[in-house]
Amino acid sequence: MSTTAGERETVRLLVKDLSRVAVGGAVAAAIVIGILAASPSLDLRSARVARALETIAPDGLAAHVRFLADDLLEGRGTGSRGHELAARYVATRFAALGLDSIGTGDAYLQHVPLRHALLAPGGARVTLTRSGVPRRLRFEEDFVMAPDAVRRESRVAGEVVFVGHGVTAPELGYDDFAGIDVRGKIACVLSGAPPTFPNDPRAHYSTTHVKETNLVEHGAIGYLVVRTPVDERRGPWERTVRQSRQGSMKWLDESGTPYGVRPELRVAATLSRRGAERLFTGARRSLGDVFADAEAGRSRPFALPVRAELARISRHGRVSSPNVAALLRGSDPKLGDEVVIYSAHLDHLGITTPVRGDSINNGAIDNASGVACMLEIARAFATAPERPRRSILFLAVTGEERGLLGSEYFAAHPPMPIGNIAANLNLDMFLMLFPMRDVIAFGAEHSTLGTAVAKAAARLAIPVSRDPVPEEVIFVRSDQYSFVRRGVPAVFLVGGRESAEPSLDGEQISKRWMQTTYHMPQDDLSQALDFESCARFARLNYLVGYLVANQEARPQWLPGDFFGEIFAQEPRR
């Protein structure tokens, strides 16, 4: 089977990524081009596909976004009345399309039990003692602290040991704990992971779950986080403070225990730049030296000349917030049991401290845009004269902003065997701020899903660009990662940084939005939103799912892929 020029160009970009993160360039090329050659011929230019694409229109997308981002929904905070209204809206749309529910009772709703924890007023404390002289840090100026999801009162005191990023990566010959003992001590760790790591290990080792597991294995009893200059630029301290005031949420397992909590780490806090400088006062290496070492990928753990006492008082409550899911059953007697999942998070930040006179975080782009795309993709599939061979599940999840809670819960409690989930296609925060020219496909280089992306993008003449901000480890920061951790291949498409209108600088517009609007109330309907580009983006995601749902072979991790090696071998339970 021959390939088009557009497909060959997209394959070239995928091969470049593969040569970076998985295998050698020649082998990568053979893998991807071999997959293309072996794929069954699904005609993306057929009249049937063209009709489906035509159903995805700007007006439909705009209608969904305008409802979901209206002030009436109060920012769709997890567990809030506004999120419940949004969930009922999505469920109603699923019902109107004739999609199957996933259960009984509330039909399309999967209720996620959550523990909500808040710090008691005045209940957070960090004290540094140097040469016998205690100094208490100022809450929200020097540090913020998450509440304890398990205990109402928790306290830890001990010597402080700096351990770089807190990473142990034997496959890369790297260990931040080499030559130092942190048992019974408080660890000081930098945010993120070494920038010298390849992108995939860097993303994996940046996650809180992996870091906390490593700290526990090394015997730490608490920890302090120092944000790197990169993370400081990405998120101003004021935003960190504002979001910390919302407290924390964890989903509850069958015994009522918060999932993913490491009680061995009794207290943790995140320091501002001023707090970090006070921690490193008198240290044998300055904070600037530490940042320079980290940027160079050098690990130099050492004890700080200070003792720290961290304490917090937490208040607990229980809430429930629904995922919304609906199934379009596949037509193939054999492949119909396999499921392709389109996911998009329905929640946002709710009502928070006012910014520029507004306290409702409407989340028009983050992520009413993704939910709108999913609803229109669902309509395109549901109204087509023929069903796809595999089943397709449309999933609007809760709690993404609180730590991927809804997608984690769904992946742990799927309505079908986890092994039957063939792929996840995630939709999160399409930046419809300028005419879209290109897209970025996070995860395309990890599995044969890259082939579907290449063919779909070529059909619509949309270039696929490389990740412009690998330091932000985006692949582990949205709901697709909950499925990846269960061994499911996933891809997460976002709009690129190139504008189809030469007079508009897409990269600068994107950067400015991230600095001034991301996770703020200004992400609302007053923005000039490009729904024509949103429609192109939704059509691209439709085509990717169409290919995956109809091709003979289910997606597979590529040989030697980092995430495939870590997660694909684990039982899907």
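**Cysteines, cores and strands in a predicted model**

Cysteine 373 is buried, with a relative accessible area of 1%. The model is predicted, and this cysteine serves as the starting point for a walk through it. The cysteine sulfur closest to that of cysteine 373 belongs to cysteine 534, at 3.6 Å, which is too far for a bond. A disulfide would need the two sulfur atoms to lie within 2.5 Å. Seen from the other side, cysteine 534 is in no disulfide, and its nearest cysteine sulfur is that of cysteine 373, 3.6 Å away. Cysteine 534 is buried, with a relative accessible area of 0%. How many disulfides does a search of the whole structure find? The search finds 0.

The next topic is the aromatic rings. A pair of aromatic rings is described by the distance of the centres and the angle of the planes. The structure holds 23 aromatic pairs. One of them joins phenylalanine 381 and tyrosine 542, with 4.4 Å from centre to centre and 45° between the planes, and this pair is tilted. Phenylalanine 381 belongs to helix α12 and tyrosine 542 to helix α17 (residues 531-550), so the pair ties together parts that are 161 residues apart in sequence. Phenylalanine 381 has 3% relative accessibility and therefore counts as buried. Tyrosine 542 has 3% relative accessibility and counts as buried. Tryptophan 513 and tyrosine 518 form another tilted pair, in which the centres are 6.1 Å apart and the planes make an angle of 50°. Tryptophan 513, at 5% relative accessibility, counts as buried, and tyrosine 518 is buried with a relative accessible area of 13%.

Phe381 and Tyr542 are also part of a cluster in which ring pairs link Tyr342, Phe381, Phe394, Tyr542 and Tyr546. What is tyrosine 542 in contact with, leaving aside its neighbours within four places in sequence? Its contacts are Ala52, Leu53, Ile56, Tyr342, Ile377, Ala380 and Phe381.

From the rings the path leads to the nonpolar cores. In soluble globular proteins, nonpolar side chains tend to be buried together. The largest nonpolar core in this model has 84 residues, and those with the most contacts inside it are Phe94, Val324, Phe394 and Tyr542. Helix α17 gives the largest share of this core, 13 residues. There is also a second, separate core, which has 31 residues, among them Cys188, Leu279, Phe302 and Ala308.

Phe94 leads on to helix α5, since Phe94 is one of the buried residues of that helix. Helix α5 covers residues 81-96, which makes 16 residues, and reaches 23 Å from its first C-alpha to its last, close to the 22 Å expected at 1.5 Å a residue. Which residues of α5 are buried? They are Gly82, His83, Ala86, Ala87, Tyr89, Val90, Ala91 and Phe94. An α-helix has 3.6 residues a turn, so residues three or four places apart point the same way. Several elements cover the buried residues of α5, including the helices α4 (58-68) and α12 (364-382) and the strands β1 (109-130), β11 (302-328) and β15 (391-397).

Is arginine 81, in contrast, buried or exposed? Arginine 81 lies in helix α5 and is exposed, with a relative accessible area of 58%. Its C-alpha atom is separated by 17 Å from that of glycine 406, and the two residues are 325 residues apart along the chain. Beyond the other end of the helix comes glycine 98, which follows α5 and has a positive phi, near 75°.

Strand β10 (residues 267-271) gives a view of strand pairing. Of its 5 residues, 4 are buried, and the strand is mostly covered. Strand β3 (residues 143-144) runs antiparallel to β10 and is joined to it by 2 bridges. Valine 144 stands opposite threonine 270 of β10. Strand β8 (residues 222-226) runs parallel to β10, and 5 bridges join the two. The bridge partner of valine 226 in β10 is leucine 271.

The last stop is a loop. Alanine 178 lies between β6 (174-175) and β7 (186-190), in the loop there. With a relative accessible area of 45%, alanine 178 is partly exposed. The C-alpha atoms of alanine 178 and glycine 79 are separated by 43 Å, and the two residues are 99 residues apart along the chain.

Terms used
Residues numbered from 1 in each chain as written. Predicted model: local features only at pLDDT ≥ 70, side-chain atom pairs only at ≥ 80, totals over all residues. Heavy atoms only, no water. Expected span 1.5 Å × (residues − 1). Buried < 20%, exposed > 50% of the residue type's maximum accessible area, 1.4 Å probe, protein only. Contact = heavy atoms within 4.5 Å. Phe/Tyr/Trp six-rings, centres within 6.5 Å; stacked < 30°, edge-to-face > 60°. Pairing = 2+ DSSP bridges. Core = buried A, V, L, I, M, F, W, Y, C linked by side-chain atoms within 4.5 Å.
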